[in-house]
Amino acid sequence: MGTTETLPFQAETRQLLDIVVHSLYSNKDIFLRELLSNASDALDKLKLEALEKHELLEQDPVLDIELVPDPQARTLTVSDSGIGMSRDELVRLIGTIAKSGTRELVEQLKAGPGGDTAASLIGQFGVGFYSAFMVASRVEIVTRKAGTETSTRWESSGDGTYTVAEANRFRRGTDVILHLKPVDPENGIADYTSAQVLRTLVKKHSDFVAHPIKLKEVKDGVPEWTTLNSMKPIWTQSASEVGDVGYAEFYHHLSHDWHDPLDRIALKAEGRLEYQALLFVPSKAPFDLYYRDQEYGLQLHVRRVLIMDHCKALLPPFLRFVKGVVDSADLPVNLSREMIQQDRHIAQMRAWLARKVLDHLAAMLADRRETYQAFWGEFGTVIKEGLAQDTEHRDRLLKLLLFHSTHEGEGPTSLAEYVQRMPEGQASLYYVTGESRAIAARSPHLEAFKAKGYEVLYFVDPIDEFVAQSVHEFEGKPLVSVARAGVEPGSETERKATEDARKSREQELRPFLAFLEQALAETVREARVSTRLTTSPACLVAGEHDLSPGLERMLRTASGKEEGTPTRRILEVNDGHPLVQRLRAMHAGSPEDPSLADAAHLLLGAALLAEGAAPPDPSAFAERLTAFMTREL
Ligand SMILES: Nc1ncnc2c1ncn2[C@@H]1O[C@H](COP(=O)(O)OP(=O)(O)OP(=O)(O)O)[C@@H](O)[C@H]1O
Ligand SMILES: [Mg+2]
């Protein structure tokens, strides 16, 4: 036997362990569900690995979980013949929390109000095992990794350190031995050596576990084994058999997410291909939803046999938040990962599943608005990604979009609702971009639209720029930015009349506009008379074929070229505004006056600030403003 090594828990782990044991779970019984879930995961992993390494199963074909209570010794052992852990894995998986972001998480936990927030944050990390310390004063793990000869014993009282030593385990797999705390009904600690208690808990939380959970009872000195769980695949049962609680338990087990799911989607395809799916929409976005290496995908079963844990090929990336299982009657059981990527059946299933999920979400929007808005708040951005990535599902995706808008109703609006509110004569859908709703709402570009009673959508999520870029119409009506040259509210005839009037005013203002163009040449490529402004003196608009400034900013940031010169835009001035009238008179009277150029720059700076952008040279802007005030006040 080798030496026993004593190691400290990683600092973050110790803090998490503390939270798990003392405040996380209100119900101490759930430790059993957590340990059974780990055992079941370990058996699944073994099974999946054995698809390629047959010898793993051949040596010991039994896949089960055993519960061995010992009332005299006051221990409960949860034993599995799963994948097991090497010594290194034990230290890494149990002694530390390897997930990126742990430190930040613990910081948030310390800062936050605890309770629900703690649970919701902590639930995203693997901490289930630590729940054992709620009911046990000491926990031992004896484990042997499948396909290896050595085994390891891990032991801890949950107090900051643990020991590891060589052990002697005969079979592959893992024993978790709980040295139980005294029974304490007041504090929710039941007698976990009682067959009756164990039977009830397994039925309640772990009935669907796909491997037999066997209880050892000794009767007259003879051990007897009974299987406690039905092992029925939950998707083959009726909704009334399973019940909401049953589905939620299954979801927790499958997704490692502690929240109850927001919604459940049960699907059955009966055509040339036969398959079933039980899918869940989570109620909270996981913290790694936007990480490139996020592990997503549905569990793929073939005729009830698990063949892949995270099958990405079954869903398009914009539905990666969906959890669940798919069970096919037609696929071969020996489907390799490489084959899955190319398989025609899988491609068909993926298209069908995507359509069904999108239709389900559309029905949710129609019938359960509040639930849908909760969904949208968590996953709306991912749905929008779909529009930028995918044209296959475009029409379905468009129906799911929600935006806030100048119409301040109960909440955000769908495009269809927007269209229904469109007044006579409005032929396009309009949007304004901005960094936030508040900034967008004050955009000078909106003025003429508001005056006309036209609703304008707020595109304030960074990804909205991409939506605008890839979506050009909805139900045959163009989707147009109010910040584009030539975009004006009104019917064809109205717009023509306005445009004619504008042109003739522009004739008169030409010398003044030419002066602005020359003074602001670095930022402005043209100055025009505006028809869209009612209260602001000036605004900037993009040419018809230009990228929007927001998108340009993002592309510049993405390419790392912070410098680059932004496309010069068009300055529109409100010739009815007193400031513009005064400047024009000044220019007509004394075109050489140096304060004219200062005024032009201030006008431009104000227009940029109004749309939430910075003037091209903020410190020069500040200097000019100060100089101006000093002169005038
Ligand atoms: N019986 C077991 N056999 C093999 N590995 C195990 C076993 N129990 C735990 N582990 C390993 O330890 C890790 C940590 O377990 P823990 O239950 O704390 O987190 P998790 O299962 O990953 O996530 P969750 O919070 O959903 O439980 C597991 O991911 C697994 O790799
Ligand atoms: Mg677990």
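**Core, domains and sheet of the predicted model**

In this predicted model, the largest nonpolar core comprises 137 residues, and those with the most contacts inside it are Ala-132, Leu-178, Leu-314, Val-432, Val-456, Leu-457 and Leu-571. Because domain 1 (5–222) and domain 2 (234–383) both contribute residues to this core, it lies between them. The C-alpha centres of domain 1 and domain 2 are 27 Å apart. When neighbours within four places in sequence are left aside, Leu-457 is in contact with Phe-403, Ser-405, Tyr-418, Leu-429, Tyr-430 and Tyr-431.

Helix 2 (residues 30–50) has 21 residues, which at 1.5 Å a residue should span 30 Å, and its end C-alpha atoms are indeed 30 Å apart, in agreement with that expectation. Of the 21 residues of helix 2, 15 are buried, so this helix is largely enclosed by the rest of the structure.

An open sheet of 5 strands was also identified, with mixed pairing and the strand order 10-11-14-12-13. Strand 10 (263–270) and strand 13 (305–311) each have a single partner strand and stand at the edges, so that one side of each is left without a neighbour in the sheet. On average, and with direction ignored, neighbouring strands of this sheet are turned by 15 degrees against each other. Within the sheet, strand 11 (residues 274–281) pairs with strand 14 (residues 323–328) in the antiparallel sense over 6 bridges, and Leu-278 stands opposite Val-325 in strand 14. Helix 11 (residues 344–367) packs on the sheet, where it touches strand 10, strand 11 and strand 14, and its direction makes about 135 degrees with that of strand 10.

Key
Residues are numbered from 1 along each chain as its sequence is written. Chains are lettered from A and ligands numbered from 1 in the order in which they are written. This is a predicted model: local features need pLDDT of at least 70, side-chain atom pairs count only at pLDDT 80 or more; totals for chains, interfaces and linings use all residues. A nonpolar core is a set of buried Ala, Val, Leu, Ile, Met, Phe, Trp, Tyr and Cys residues joined through C-beta atoms within 7 Å. A residue is buried if 20 or more other C-beta atoms lie within 10 Å of its own, exposed if 12 or fewer, and partly exposed in between; C-beta atoms are placed from the backbone. Domain bounds come from an automatic or database domain assignment. Two residues are in contact if their C-beta atoms, placed from the backbone, lie within 7 Å. Helices (H or I, at least four residues) and strands (E, at least two) are DSSP runs, numbered from the N terminus. The expected span of a helix is 1.5 Å times one less than its number of residues. Two strands pair if DSSP finds at least two bridges between them. Axes are lines fitted to C-alpha atoms, for helices over the stretch in contact, and angles run from 0 to 180 degrees between N-to-C directions.
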